Amino acid sequence: MQLMITGSSGQVGTELKQQLAGQAELLTPSRSELDLANATAVQGYLALHRPQAIVNAAAYTAVDQAETEQELALAVNAQLPELLARYCAQTGAYLLHYSTDYVYPGTGTEPWQEDSPTGPLNYYGYSKLKGDLAVLAQCPQAVIFRTSWVYSGQGKNFRSTILRLAKEKTGLSIVADQIGAPTPASLIAAISVQTLQRYLQGQPIAGGVYHLAPRGYGSWYDFAKAIVHQAIKQGETLALQPEAIQPIPSSDYPTPAKRPLNSRLCVDKLEHALGIRLPEWQQLLASMTQ
Ligand SMILES: NC(=O)C1=CN([C@@H]2O[C@H](COP(=O)(O)OP(=O)(O)OC[C@H]3O[C@@H](n4cnc5c(N)ncnc54)[C@H](OP(=O)(O)O)[C@@H]3O)[C@@H](O)[C@H]2O)C=CC1
Ligand SMILES: Cc1cn([C@H]2C[C@H](O)[C@@H](COP(=O)(O)OP(=O)(O)O[C@H]3O[C@@H](C)C(=O)[C@@H](O)[C@H]3O)O2)c(=O)[nH]c1=O
Ligand SMILES: [Mg+2]
C-alpha cells in the first residue's frame, strides 16, 4: 500500500515514519519537495502519486504566531485537510487526521466528550476546528484523533523547552490553572498504526472524532515538575531544582493567544473502539529516555 505521511519531519510524523517503516510503501515529501500551503502543488502531488492512504500529521502549530499569521495557519490547518479529505472521498483512500484540545472553550472542569460543543479561544484552535469540520463533511469515513500537549524526544515542545530552561535558570514560573494530559508523539503514532492495521484487515473503526491522550490529568506546572524530577533521576545536571518551580495563574503569564483552562479529554470512546486501556501520562513520561 502507498501511504502518504504529511508533516513527516514533525513530532508525530517522525514517530509515524519510524513505526511504519517496512509496513507500507511510504510517501514522505519534505517541505522543500511539497509546500502544503500550496493547494495546486498538493493536488499535483496527489494526482501523480495516487496514495491509497494518507496520514495528515502536518499542521501549523505555533499557537501565538497563528494570531498574526492567520492566512498561513488557515491554509495548513483547514484548507489542506479539506483538500486531502476530498481526494480520499473521491478515490476511496483512507484518511487519518489529527486535531487538538484547543478546539474546546476551556470552561468547567468536566472532561470534554467528542460531541461536546466546541468554541476555540485562539486562531490556531479556530483553524484546526475548521479543518475537522471540513474533513468530516468531505469524508465521513475519515478518523480524526483529537490529542493534547504533544511532546517527544525531538523537535520543539514543552518538555524540550523546560529541559533547556532547567539548565540555564535557577527559578521558573509555570501556569498551574490550565489542566490537560501531556501526550507522547510515540503514543499517537502507535495508536495510528493500530488504526491503520484495523483498516487493512477490513475492520476499520468508525469514522469520526476520537480523543487520544493518556489517562489522568495535570497542569503545565505538574508536567514541568515531573520533567525536572525525571531528568534529575536520570543523572542530568541542572541549574534548576524542582522546588524552585513556582505555580502561577494564567493571568501572570500573558501571551498573544489565549489558552483554555480545561483541556481534559475523555478517552473512553477510543479505548472502546480499539479494546485498549491507555496508560497514565506520568508513566509514559517516566519511560522517556532522551
Ligand atoms: N504539538 C502539540 O502540542 C499538539 C499537536 N496537535 C496536532 O497533532 C498533529 C501533529 O502535531 P506535531 O507533530 O506536534 O506538529 P509539528 O509542529 O511537530 O510538525 C508539523 C509538521 O508540519 C509540517 N508543515 C507545516 N507547514 C508546512 C508547509 N507549509 N509545507 C510543508 N510542511 C509543513 C512541518 O514541516 P517543517 O518541519 O518543515 O516545519 C512539520 O513536519 C497536528 O495536527 C497538530 O495540530 C494536537 C494537540 C497538541
Ligand atoms: C515556557 C513557559 C510556558 N508557560 C506556559 C504557557 C502555556 O500556557 C503553557 C504551555 O506552553 P506552550 O508554549 O508549550 O503551549 P502551547 O504551544 O500553547 O501548547 C499547545 O500547542 C498546540 C499546538 C496544541 O495543540 C495544544 O495541545 C498545546 O500543546 O505553559 C509558563 O507558564 N511558563 C514558562 O516558562
Ligand atoms: Mg507551542
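**A parallel sheet and its helix packing**

Taken over residues 1-289, the chain is 40% helix and 15% strand, and its end C-alpha atoms sit 33 Å apart. Everything described here comes from a predicted model. The stretch 1-289 also carries a label in UniProt: an unreviewed entry there annotates it as "domain: RmlD-like substrate binding".

A good place to start is the sheet. Strands of a sheet pair through backbone hydrogen bonds, and the pairing can be either parallel or antiparallel. Here there are six strands in an open sheet, and the pairing is parallel. Reading across the sheet, the order is 2-1-3-4-5-10. The edges are taken by strand 2 (25-27) and strand 10 (208-211), each of which pairs on one side only. From one strand to the next, the twist averages 20 degrees.

Now for a look inside the sheet, around strand 3. Strand 1 and strand 3 run parallel and are joined by four bridges. Strand 3 (residues 53-56) is also joined by four bridges to strand 4 (residues 94-100), and this pair runs parallel too. Val-55 is a handy residue to follow across these strands: Val-55 in strand 3 is the bridge partner of Ile-5, and Val-55 also stands opposite Leu-96 in strand 4. One step along the chain, Asn-56 stands opposite His-97 in strand 4. Helix 1 (residues 11-20) packs on this sheet, where it touches strand 1 (2-6), strand 2, strand 3 and strand 4. The direction of helix 1 makes about 155 degrees with that of strand 1.

Next come the helix pairs. Besides packing on the sheet, helix 1 has a helix partner: helix 1 and helix 7 (residues 185-200) pack with their axes 8 Å apart, at an angle of about 50 degrees. That angle makes helix 1 oblique to helix 7. The crossing of helix 1 past helix 7 is right-handed. On the helix 1 side, the residues that meet helix 7 are Gln-11, Val-12, Glu-15, Leu-16, Gln-19 and Leu-20. They face Ala-185, Ser-186, Ile-188, Ala-189, Ala-190, Ser-192 and Val-193 in helix 7. Sorted by class, the residues in this contact of helix 1 with helix 7 come out as eight nonpolar, four polar and one charged.

Which angle do helix 2 (residues 39-49) and helix 4 (residues 70-91) make? They pack at about 25 degrees, with their axes 11 Å apart. Helix 2 and helix 4 are therefore roughly parallel to each other, since angles under 35 degrees count that way. Helix 2 passes helix 4 in a right-handed crossing. Helix 2 brings Ala-39, Val-42, Gln-43 and Leu-46 to the contact, while helix 4 brings Gln-79, Leu-80, Leu-83 and Tyr-87. The tally for the contact of helix 2 with helix 4 is six nonpolar residues, two polar and no charged ones.

One more pair is worth a look: helix 6 (residues 158-168) and helix 8 (residues 220-233). Their axes are 10 Å apart and the packing angle is about 60 degrees. Helix 6 and helix 8 are therefore oblique to each other. Helix 6 goes past helix 8 in a right-handed crossing. In helix 6, Phe-158, Arg-159, Ile-162, Leu-163 and Ala-166 make the contact, and they meet Trp-220, Phe-223, Ala-224, Ile-227, Val-228 and Ala-231 in helix 8. How do the residues of this contact of helix 6 with helix 8 divide into nonpolar, polar and charged? There are ten nonpolar residues, no polar ones and one charged.

Note on methods:
Residues are numbered from 1 along each chain as its sequence is written. Chains are lettered from A and ligands numbered from 1 in the order in which they are written. This is a predicted model: local features need pLDDT of at least 70, side-chain atom pairs count only at pLDDT 80 or more; totals for chains, interfaces and linings use all residues. Two strands pair if DSSP finds at least two bridges between them. Helices (H or I, at least four residues) and strands (E, at least two) are DSSP runs, numbered from the N terminus. Axes are lines fitted to C-alpha atoms, for helices over the stretch in contact, and angles run from 0 to 180 degrees between N-to-C directions. Two residues are in contact if their C-beta atoms, placed from the backbone, lie within 7 Å. UniProt positions are given in the numbering used here, feature names are shortened, and annotations may be inferred rather than shown by experiment. Angles under 35 degrees count as roughly parallel, over 145 as roughly antiparallel, 65 to 115 as roughly perpendicular and the rest as oblique. A crossing is left-handed if the near helix is turned anticlockwise from the far one by less than a right angle, and right-handed if clockwise. Ala, Val, Leu, Ile, Met, Phe, Trp, Tyr, Cys and Pro count as nonpolar, Asp, Glu, Lys and Arg as charged, and the others, Gly among them, as polar.
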